[in-house]
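Me: I should like to understand how the labels used for a protein structure are justified. Please explain the reasoning behind each label.

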Amino acid sequence: MNLNHLAIFRAVAAAGSVSGGARELHVSQSAVSKQLGEFERTLGVALFQRLPRGMRLTEAGRLLFGYANRLFAIEAEAEQALRDLRRVARGRIAIGASRTIGAYVLPKALAAYRREHPGVELSLQVENTQAIEDKLLAGEIDIGFAEGIERSDVLDYQVFAQDELVLIAAPRHPAIGPKPLTLAALAKLPLLMHETGSGTRAVTERALTERGLVVRPAMTLASTEAIKHTVATGAGVAILSALAVRTELRARTLAVVPVKDLRIVRPLYRVQLKNMWPSPSLEAFLPFVRQAVPAT
């Protein structure tokens with residue numbers, strides 16, 4: 001079925017005459033009559049009864065007019081949906097993030113974005129770096145944020161911020177003194193760490209090993225929150241992302257312990273498939289992520 005013919009038929013049916021349909025379409029009456037005749041011959045049915053004054057739909061015409069209205073209503077709906085998508089009035093963003101970014105950066109970004117673009121559906125999955133990259137390759141998420149990377153040839157990695165890892169302790173812990181802690185003194189403290197496989201633990205172990213320290217955690221805990229609460233009791237110290245302890249530092253339930261000759265900084269990555277154009281909703285989301293990372 002020729003959709004141009006269908007549009008001409010619909011205009012004539014709505015106007016009740018060829019002249020009215022021609023005015024609506026901004027074409028000549030002769031062109032409308034010719035196209036309408038071709039349409040009827042193609043379909044093998046008469047769509048109009050030609051009367052001395054105007055035209056009346058036949059039974060076939062009334063049937064087709066209903067379908068035509070529904071079809072062009074869907075077309076108008078599709079055009080409106082695309083307009084909404086371009087101006088970020090609707091859409092969907094599926095996000096994957098590693099633990100620190102997912103817990104301490106993205107919630108603020110998601111909340112701010114939601115206030116600006118309430119019609120966009122947002123979903124966040126917190127996974128390890130390998131799982132994030134796997135989901136990107138499978139098309140299950142649109143973008144990933146990670147503290148580490150696996151280096152796939154089909155993924156694009158962009159650093160969007162830097163994250164510093166800091167030594168934390170309870171505010172009255174003996175490690176807190178007038179001078180920065182030495183590495184030798186740090187080696188004697190009970191160190192609380194994430195489980196093996198954690199990105200934060202891997203970065204910490206590498207930094208300490210490079211400085212000749214043997215890493216033997218006094219306690220291994222499954223989450224950053226568990227580590228923070230345990231450190232606050234005075235049971236030990238921990239090296240965590242500065243992003244993860246901002247609230248506790250402001251509330252003074254934890255304190256940063258400066259360590260001489262030890263500064264651990266790691267990049268935070270935005271990960272996407274190469275050669276993929278971001279949707280308007282995703283492109284609008286990225287500035288919110290950058291704004292959610294505090295200035296160092």
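The questions and replies below deal with salt bridges and burial.

Reply: This is a predicted model, in which local features need pLDDT of at least 70, side-chain atom pairs count only at pLDDT 80 or more, and totals for chains, interfaces and linings use all residues. Residues are numbered from 1 along each chain as its sequence is written, and side-chain values use heavy atoms, with hydrogens and water left out.

Me: What makes the contact between arginine 92 and glutamate 121 a salt bridge?

Reply: A salt bridge requires a side-chain nitrogen of Lys or Arg within 4 Å of a carboxyl oxygen of Asp or Glu. The N to O distance for arginine 92 and glutamate 121 is 3.5 Å, so the pair qualifies. The two residues are 29 apart and link distant parts of the chain: arginine 92 belongs to strand β3 (residues 91-97) and glutamate 121 to strand β4 (residues 120-126). Helices (H or I, at least four residues) and strands (E, at least two) are DSSP runs, numbered from the N terminus.

Me: Why is arginine 92 called partly exposed?

Reply: Buried means under 20% relative accessible area, exposed means over 50%, and partly exposed lies in between (1.4 Å probe, protein chains only). Arginine 92 has 45%, and is therefore partly exposed. Glutamate 121, at 46%, is also classed as partly exposed.

Me: How do you know that glutamate 205 and arginine 201 are separated by about one helical turn?

Reply: Both lie in helix α9 (residues 199-210), and they are about one turn apart because four residues separate them. Their side chains meet in a salt bridge of 2.8 Å, N to O. Arginine 201 is buried at 11%, whereas glutamate 205 is partly exposed at 25%.

Me: Why is lysine 228 called buried?

Reply: Its relative accessible area is 4%, which falls under the limit for burial, so lysine 228 is buried. Lysine 228 forms a salt bridge with glutamate 225, with the closest N and O atoms 2.9 Å apart. Both residues lie in helix α10 (residues 224-232), three residues apart. Glutamate 225 is partly exposed at 33%.

Me: How many salt bridges are found in the whole structure?

Reply: The search finds 10.

Me: Why does serine 98 count as buried?

Reply: Serine 98 has 4% relative accessibility, and therefore meets the definition of buried. This residue sits in the loop between β3 and α5 (99-104). Serine 98 is in contact (heavy atoms within 4.5 Å) with residues including Val126, Ile132 and Phe145, leaving aside those up to four places away in sequence.
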